[in-house]
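Here are a few exercises to work through with the model open beside you. Try each task before you read its solution.

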Amino acid sequence: MSETLALSKDLINRPSVTPEDAGCQQMMMDYLEVLGFNNEIMNFEDTSNFWSLRQGKTEGPVFVFAGHTDVVPAGPLDKWHSPPFEATEKDGYLFGRGAADMKSSLAAMLVASKRFVKDYPDHNGSIGFLITSDEEGPFINGTVRVVEELMKRNQPLDYCVVGEPSSSEQFGDVIKNGRRGSLTGFLTIKGTQGHVAYPHLADNAIHKSLKALDELAHTEWDQGNEFFPATSFQIAIIKAGTAGNVIPGEKYVEFNFRYSTETTHEELQQRVLAILDKYNLEYDLNWKLNGEPFLTDHGHLLVAARNAIKAACQIDTAPLTSGGTSDGRFIAKTGAEIVEIGPVNKTIHQINECVKIEDLDKLTEVYYQILVELLATPKTF
């Protein structure tokens, strides 16, 4: 059994459902301490976080591995063919909640760092770990808080590899070099409740909002660019009405933008307000900015990542910005170059989540080769 496989199983066996950590981070810190890392626990409220740093022989660049120990709930246990928190090998795959998202990545980060420190004890720059137990949840007290604290200290972050499961059909075929922004709106349209037999005495909140919602749904917000698809608007929730013979006096609508770097969340908010006001609606609207878009379209890290995947997997990887959000959106505020590299994502959050066992050592090799290219030899930055 490879060390990456063994550590992956150890992590999976710990039921760390958000925001619980179940000892995962202590195991990681114990491992890193032996390698010369200085660990700092940075817990906030109910969330476990740690920041760890190993200084090399030069100040140089700061390279960070980032990830999360928390996982989503297992779901119906009777639908799993093996217990979700008992790592199980079957038919060349490792099964268990978090196998792909993202405990195998955490294990590969640890083993790659161990191997690199052994091979290059006097490496340049620094290697860091930024780990949280709240990525799958409300993301209030996790990476965002740690980053805020590090920025207060003027702690530089130059490169960051996030271990999210980025691959699509085979390991290494896709890495994420950016993510779209996410903006959610919570809209309440106001009317006047009344009896359906007396519509002249009421003001139907559903009827009066239809034209505005249709315009919002069919507006072209931008055309995207070479890195991002066009901004999308999607209505996720609509609630209205109390009974079959009552005209609703309120209508609740929750919608989400996934937006490109061609626009800003302020511009989207202004345009939504303009459309609502165009139809003389009375409404309340609150916003939640889940994350701003970020992009690493060039730089040393992207080159190193592509070279490492080519060497380990003999394929050319495709940098994409598709999919949801990640904690990379918080780390991007530091100005760091960021890529996400991890296992195939087909089974994440699903019953019988799994990762191909042979991919674990490939992932470790990719992380190791990136460290070698960026920190092993003198570079001009």
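**Exercise 1. Work out how much of helix H3 is covered, and check its length.**

Solution. Start with burial: 17 of the 21 residues in H3 are buried (under 20% relative accessible area, with exposed over 50% and partly exposed in between, using a 1.4 Å probe and protein chains only), so the helix is mostly covered. Before going on, note that this is a predicted model: local features need pLDDT of at least 70, side-chain atom pairs count only at pLDDT 80 or more, and totals for chains, interfaces and linings use all residues. Residues are numbered from 1 along each chain as its sequence is written, and side-chain values use heavy atoms, leaving out hydrogens and water.

Now the length. H3 covers residues 99-119, helices being DSSP runs of H or I with at least four residues and strands E runs of at least two, numbered from the N terminus. The expected span is 1.5 Å times one less than the number of residues, which gives 30 Å for H3. The end C-alpha atoms sit 28 Å apart, in agreement with that.

**Exercise 2. Describe how H3 and H9 cross.**

Solution. First, get the axes, which are lines fitted to C-alpha atoms over the stretch in contact, with angles from 0 to 180 degrees between N-to-C directions. For H3 and H9 (residues 357-376), the axes come within 8 Å and cross at roughly 45°. Next, classify: under 35 degrees is roughly parallel, over 145 roughly antiparallel, 65 to 115 roughly perpendicular, and the rest oblique. The pair is therefore oblique. Finally, list who touches whom (contact means heavy atoms within 4.5 Å): H3 contributes residues including Ala-108, Ala-112 and Phe-116, while H9 brings, among others, Leu-360, Tyr-368 and Leu-375.

**Exercise 3. Is His-123 buried or exposed, and what does it touch?**

Solution. Place it first: His-123 is in the loop between H3 and strand S6 (126-132). At 1% relative accessible area, His-123 is buried. Leaving out residues up to four places away in sequence, its contacts include Lys-57, Thr-58, Phe-116 and Leu-375.

**Exercise 4. Find the side-chain partners of Asn-256.**

Solution. Asn-256 lies in strand S14 (residues 250-259) and is buried at 16%. Look for polar contacts: N or O pairs within 3.5 Å, where within protein one atom must be able to donate a hydrogen and the other to accept it, and sequence-adjacent residues count only if both atoms are side-chain atoms. The side chain of Asn-256 has one with the side chain of Ser-182 (3.2 Å) and one with that of Arg-258 (3.0 Å).
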